[in-house]
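Biologist: I am new to this structure and would like a close look at a single part, the annotated active site. Could you take me through its residues and their surroundings?

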Amino acid sequence: MAAHLQVGYLVHLNQNLEEDTSSAKLPLSPGTNNIGRTNISVTDKRISRKHLSLIASTDGSANLTVEGINPVVVLSGNERKKLSSGENLLIRSGDIIELIPGHHFFKYVASLAVGDKNAQKRAFSSTDQREELTPKKLRQRREDKAISSRNSQNNIAGNSEEAMRHFHVSCDKLPHTFRLLQVQGLPAWANTSCVSIEDVIQGDILVAILSNYMVDIDWLIPACPTLAKIPHVMVIHGEGDGTLEHMKRKTPANWIVHKPPLPISYGTHHSKAMILVYPRGVRIIVHTANLIYVDWNNKSQGLWMQDFPWKDENNPSKICEFENDLTDYLSALKWPAFTVKLPMIGSFNINPSFFKKFDYSDAVVRLVASVPGYHTGTNVRKWGHMKLRTILQECIFNKEFQNAPFVYQFSSLGSLDEKWMAELASSMSSGITEDKKPLGLGEPLIVWPTVEDVRCSLEGYAAGNAVPSPLKNVEKEFLKKYWAKWKASHAGRCRAMPHIKTYTRYSGQELAWFLLTSANLSKAAWGALQKSNSQLMIRSYELGVLFLPSVIQSNGHVFSCTNEYSKKQIGSKENDDVQKAKLVTLNWQGSKSSQSASEVTVLPVPYELPPQRYSSEDVPWSWDRRYNKKDVCGQVWPRRVQLYSSQD
């Protein structure tokens, strides 16, 4: 099979760059090969477990990307090129790789290129078989093809095959974008720059607040051993009584379990976030996954995080919108305050006001939250879709987004009507152009998996358990004009069913704004206006982060709670009127010249834009129907799905 085809190998070299015959060659297969301490005989801790990746092709070339924090050097002929973390380079057979400059030498050898010329020629297309293609010629052909493609598509390309493979973000730019969660069973390229739970809950954490709907304690602690070492942990959840009792019995003694008040029936605590306090500052994480195994391993999910330092008491920063929105939201949760003694810092009451001690002035997103209640007066514009409307009304967008379309993408559909859909669209249409004209209404499409999508997914019909919408909500006649397919080939996630929730306005592959949130498409999550629009009724707690070019443009610093580097300048606020920010998808194919004129932020939107509408044969998934056609696991639906490791 192709998966076991060897297309090359790495040869260990000694300091004299001669083959070290005492060490076995490391075989390389087509696709991504991860190289590091996990698979080579190196004990040097400067070598990461996943130090670099090699994407080896059957044509003899390989694309090298530095995955670890330390640099890699490539010797190609007389040329020596140093690559830092996140950088990549096309290499050829015979090139030498230094995992640490001056240490740990390996030669890349392409099997087909040096061992079987006939096999190499067969790997080329019929038009290529007539000439001997060197790696240099192959590289030039790819570059010419890419330039031609960009020119013909006018920088608004559609679906680009394996675009996720090229999503690499430097550490200082990570807060500007979000990342997808790793998915088991996908090719390695589809998990490029994706994260696991251990990637975000790490370091010397003093206090952790975990906010979620579903929490599987039996899975969570073994999956993230760091949690067991944190002195103070609070879990804010939305579980029912049966699971709650089990959770309370299984949580460590130093953990606090809290369920926020739900003043209106049929509401839930649905927000998915983490707040981690470190000696250096605080990490804010907003994501879309329940704290259960299948959500962190089998689904398409999104996660954003940013670290913030403690405020300088001698030079207090101004209170910003992010701080107000965060502390207002935390106040609504009404958790029981608790006292902690933080080493070298002091004793504190951990309540919402405690989080005013951090400097959020460099936040690169806006928070959009929902809290249950009947909101009146100024509070009408504080939560739900009215909060989104308020923020967008203050923004100026490029003219290309006038009457531009929307995407609503989520995993649970409420009981909707056309009046409320118009209300939501009105909020999402807010904003003006540079010449003060309103952006105007756009056409929304709902990206939603079909029955066939679920049946053929990684989990089969079981994945539909996390897309819990009943037939009575899905089959409404007026919704037919909204349905669009879940197509995610460029991100490798066609078979990883979406639990991610996103809302965006787009033109080609450029985005006016993008919201990553826990909010599904429902009145309970977004709120519904009542009493001549003087009251907003919301049933559930939700939390999301809004990406705006204007916010990203004004940010000028970066900070980390876990890396030992100080706050440093990465942009200039004085040049805001010169450098225009731009949000783009993975499939955007802008030229280098256009990137130099703009601050381009790539967001890994997992579905293709524009979405493809349903055909007459496509049926939207609903979880309370019977499906007798067997899925990829040989099962029919309905059937029992186990979401928790164990349950009393």
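Modeller: A residue is called buried when its relative accessible area is under 20%. With that cut-off, H499 counts as buried because its relative accessibility is 5%, and I should add that this is a predicted model. An unreviewed UniProt entry lists H270 and H499 under "active site". The two span 230 residues in sequence, yet their C-alpha atoms are no more than 12.7 Å apart, so they gather at one spot.

Taking H499 further, this residue is found in the loop between β26 (483–484) and β27 (502–507), and its side chain reaches the backbone oxygen of T288 at 2.8 Å. Apart from neighbours within four places in sequence, H499 is in contact with K272, T288, A289, N290, D295, K299, S300, Q301, S411 and A466.

H270, for its part, lies in another stretch of the chain, namely the loop between β14 (255–258) and β15 (273–277), and it too counts as buried, because its relative accessibility is 9%. When residues up to four places away in sequence are not counted, H270 touches Y213, K501, S518, N520, Y541 and E542.

To draw this together, the record names H270 and H499, each of them placed in a loop between two strands, and although 230 residues are spanned in sequence, the C-alpha atoms stay within 12.7 Å of each other.

Definitions and conventions. Residues numbered from 1 in each chain as written. Predicted model: local features only at pLDDT ≥ 70, side-chain atom pairs only at ≥ 80, totals over all residues. Heavy atoms only, no water. UniProt positions renumbered as here; feature names shortened; annotations may be inferred. Helix = DSSP H or I, 4+ residues; strand = E, 2+ residues; numbered from the N terminus. Buried < 20%, exposed > 50% of the residue type's maximum accessible area, 1.4 Å probe, protein only. Contact = heavy atoms within 4.5 Å. Polar contact = N/O pair within 3.5 Å; in protein donor to acceptor, adjacent residues only side chain to side chain.
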